[in-house]
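Colleague: I am in my first year and would love a close look at the enclosed spaces inside this protein. Could you walk me through them?

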Amino acid sequence: MNDTNRTLPGQARVVIIGGGAVGVSALYHLARAGWTDCLLLERNELTAGSTWHAAGNCPNFAGSWTVMNIQRYSMALYRGLADAVGYPMNYHVTGAIRLAHSDERMQEFEHVRAMGAMQGLRMEMMTPDDIRRANPFVEIHDLKGGLWDPEDGDIDPAQLTQALAKGARDLGARIVRHCPATGVRREGAAWVVETEQGEVSCDHVVNAAGYYAARVAEWFAPHGRPPLPMAVMSHQYLLTEPIAEIADWTQANGRKLPMIRDPDVSYYLRQEKTGLNLGPYERNCRSEWADGTMPEDFSFQLWQEDLDRIEDYVADAMERMPALATAGVSSVINGPIPYTPDGLPLIGPMPGVANAWDANVFTFGIAQAGGAGKVLADWITTGATEWDCWDVDPRRFGSYASDPAYARAKAEEVYGHEYAMQFPHMRWPAGADRLTSPLHDRWLAKGAVMGSFGGWERALWFQRPGDDTGWDATQTWRRDGPWHARVAEEVTAVRDGCGIIDLSGFSRFDLSGTGASDWLAGRVAGRLPAEGRMTLAYFAGPTGRFATEMSVARTGPDAFTLITAAVARDHDRDLLARDVPDTLTLRDRSEDLACLLLTGPASRDLLAPVTDADLDLPWLSVQEARVAGCAARLNRVSFAGELGWEIHALRGDLHAIHDALNGAVPFGMWALDSMRIEKAYRAWGTDLSPGYTLREVGSDRFIRPEAKGPEPKRALAPLTLADCGYDPRPMSPVWHGDALVGEVTSAAFGHRIGAPVALAMLDQAAAPPGTAVEVEIFGRRVPATVHADAPLWDPANERLRA
C-alpha cells in the first residue's frame, strides 16, 4: 500500500483529519471530482473510531429533506460500490418495516413516503397484515400499520470504509495511517497541518475526527472557530445467539428478514446472521466524557455493558418478536456515538474560518457517509452543494450552542427521543432561555408561549387563562390546538388596530468606510437603496443559487446596516467577511441592539405622541429618531404587511420604549407567519433555500435586469387550499392530475383572508395562476388554487403605504 508513515507528503490540496467512513468518503468524492492531490491522515487504523463498532444500518427514512437526500445518495452509491472499485462488501438490502402504534405516526409515515417519492424512493404504507406477511415473527395486534422501504438494509462498516479507501487510492488520493495530527496553523493563505511525522501544507483542511472532532476544533479557535457543539453518547446494541426459527426461515426464503424499527418504543431489531441485533435508544440515556476525561486514544475500544438502562426496551422487543426471547445474548456493544444539539451532523464550512471544513458529529455515520462525502466535495470544489444543505450546515448553530452543558442537555434529549415525531406546535424543553430579550419576563407575564429562533427566545403565541399548554396538547399534526383561536385574535388585533412583537435576535451588521457602496453593490443581485431608504438585497452563490437575503438600510453614502434572520448570523457573517477589504469596517451588532415591530392601522397614532420622528415618510424609509426619549432607528417596514415601523434601539432602552407603547396588543411569531404568507413574503431557510435559484424564489424585482438571464421553469407562487384541518408540511407534493408539479415550502392558516395559505415551488408551465391543483397532506390530496406571485391580502399594498 502507499499509505505508510514514510510517504507523508509535504503538500496537498486538501488534508482530511480522520479515517472513519465519513472522512474516507470525502477523500473518495474529492478524487472523483478530479481533486486527486488530497491526503487523509488517520491516527490509528481506518475505522478505529465509531465506524468500528457501528451497527451499519442503512435507512433512507428521514424527516429532513437534506438528510433524506444524503442517505438516498449513500444507499445508491453502496449498491454499486463493490463493482465500481473492485472491493467485495457485505451489503444486505433486506427492506425495513417501521411500526406505527398511532394515527399520528401513520401520518408522519405518509409525509415521509411522499417526500421519498419526490426523490425517487419507493416507500409504501403497510397494514398490520402486510407487516405479518413481510415478517412472520412480528406481533401485530396493537399496531395501526407501518411503512415499508424496500431499499433499507445493513452494510459492513469496515468493508465499506476499505472500499471507499481503495476507490480513493486508485484515483490517486493518499492515505497515511498511524499518523496523528497534532495541530494546525496558518502561513499566508495556506494551512499547515502538524503531525507526529512532519508537516503538510494545504489549501483546505477538513475536520472529520468523529467523536474527537471537538478537540480538533480547538486548534481552529485562534482563527475564529467557536467551540464545536457536541456531546458523546453511550449507545448499546446486543447480538443474540443463533435462533433456529430464523435460520429455518432464512434457508427457506434465501434471504434475511426485513429489519424492524419500532419508533414509538424506540429501538431497531434486525437479523444478524441467524440471530438478532437489538439497538434501543433509551430515555434514561447517558453522555460520556463530559468532565473532559476523554482519553487521547480510544481506538477500537468499548465501554462495559450497562443492560439495566435498556432492560425495558429489551422486554418490549421480546413481546414484539417472541423469537428474541428464545435466544441468549452473545455480545453487547457499548460504544461512543457523537451527537450535536439537534442530532444532525456538521457538514460544510467551518464557522468563522476560511478554507476549513467540518465533516463530523455523525450519529448515523454509515448511512450518511456516502452522501456526506459528496456534499463536502461539492462544497469544496465548486463552492456550493447540489441540494439545500442548511439542515447540516455547521453555521446553523450560534456560539450559544458551544456551551458544553447546553450541548450535553440537548444531545441527551435528542438521543432519548431519537425516533420522536417533530410536531409543528411542540417545543423540546432542554436548553431554553439561551438568548433573551430584555422584555423576556414581561412577555412571560403576559402569557407568552416561547420558541427558539437561532437561540433567541421569542413569543410564539399568547395564552389565556384556561388554555391547555401542556405537552400532550402539542402532540398533533392538526392546526386546531389551543393556540389556533389565540393566533386568530392576535392577527385580528394587528389587522384592526395595533400589535407589537419583540423581534430581538435579528442578525445585524454595520458596514462602513470609503468604497463600501461599490463593494456591496458588486455582491448583491440588485441595486442598493438611496440614502435614508431600505430594500431587500439578494446574494447569489457561485453556482447562481440563492445564498442569502438581507434587508439593507442606507444611512450614509458609504454606511449601511444589513439585517437578516437570527439563525443566519454565522452564515451571513461569513458571507460578508469572506472578502471584505481592510479599508472597510464590518461590525456584528446582533447582540447590541433589539427590535420591536409596531404594526397595524393604528400604529401611527400610537407612536406619534412618543417620538420626534417624521411618521409621514414613505414606506421603506429609514430615519434616526427618539422614541420615549431613547435614541432609535425607525424602519418603515412590516413583515405582517400592515402599516408599521421596526424600532431598533439599544437593549437597555427597550423597557422605556415598550412602556410608552403599552396600548399595542402583543402578538407572536405564529401570527406573524400567517400574515407574511398571506402577503407572499418569503422566509429565510424555508422558501428562501439554496436548493433554488434567485429567480425561482421570486426575487425578480430585486435583480438588475441585465443579470436576470432566462425565465426559470419553476417559481414560488401562493396557494389557497380547502380546509382539511391540517397545514401541509414543508416539501409536501403539489399535484396537477397525475403529474407532480411542485412542492410546498411553507404554509399556515390565513386569518385575514379566512383560508389556509401556502407558498409552493411550482412548474410555471404546468401550474400557472388559476390552475386547480392538489396538495398532498399526510396521504390525502387536498384541492388548492394557484395564484399569481402577489399578495393575497391587500394586493395593492395600500395598507402598508397608508
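**Inside the cavities**

Modeller: Happy to! Fourteen is the number to start with: 14 residues line the largest cavity, and Gly398, Ser399, Tyr400, Gly454 and Arg569 are the ones nearest its centre. A cavity here is a set of points on a 1 Å grid, over the protein atoms alone, where a 1.4 Å probe fits but cannot get out, and a lining residue has an atom within 4 Å of such a point. Keep in mind that this is a predicted model, where local features need pLDDT of at least 70 and side-chain atom pairs count only at 80 or more, while totals for chains, interfaces and linings use all residues. Residues are numbered from 1 along each chain as its sequence is written, and side-chain values use heavy atoms, with hydrogens and water left out.

The volume of this largest cavity is about 110 Å³ (the space filled by probe spheres set on the points, which are joined across faces, edges and corners). Its lining mixes six nonpolar, three polar and five charged residues. In this sorting, Ala, Val, Leu, Ile, Met, Phe, Trp, Tyr, Cys and Pro are nonpolar, Asp, Glu, Lys and Arg are charged, and the others, Gly among them, are polar.

Now for the second largest cavity, which holds about 50 Å³ of space. Find its lining in the model: Ser437, Trp443, Glu457, Arg458, Ala459, Phe462, Ile501, Asp502 and Phe667. Two elements give two or more residues each to that lining, namely strand 22 (456–462) and strand 23 (499–502). Strand 22 contributes the most, with four residues. By class, the lining of the second largest cavity has five nonpolar residues, one polar and three charged. How many cavities of 30 Å³ or more does the rule find? The count comes to four.

Finally, step back to the whole chain. It contains 18 helices and 39 strands, which are DSSP runs numbered from the N terminus (H or I over at least four residues for a helix, E over at least two for a strand). The chain has a radius of gyration of 27 Å, close to the 28 Å from the globule rule for 802 residues, so it is as compact as a globular protein of that length. That radius is taken over C-alpha atoms, and the rule is 2.2 Å times the number of residues to the power 0.38. Along its principal axes, the C-alpha trace of the chain spans about 80 × 65 × 50 Å.

Notes
On a 1 Å grid over the protein atoms alone, a cavity is a set of points where a 1.4 Å probe fits but cannot get out, and a pocket is an open set with protein on both sides within 12 Å along at least five of seven lines; lining residues have an atom within 4 Å of a point.
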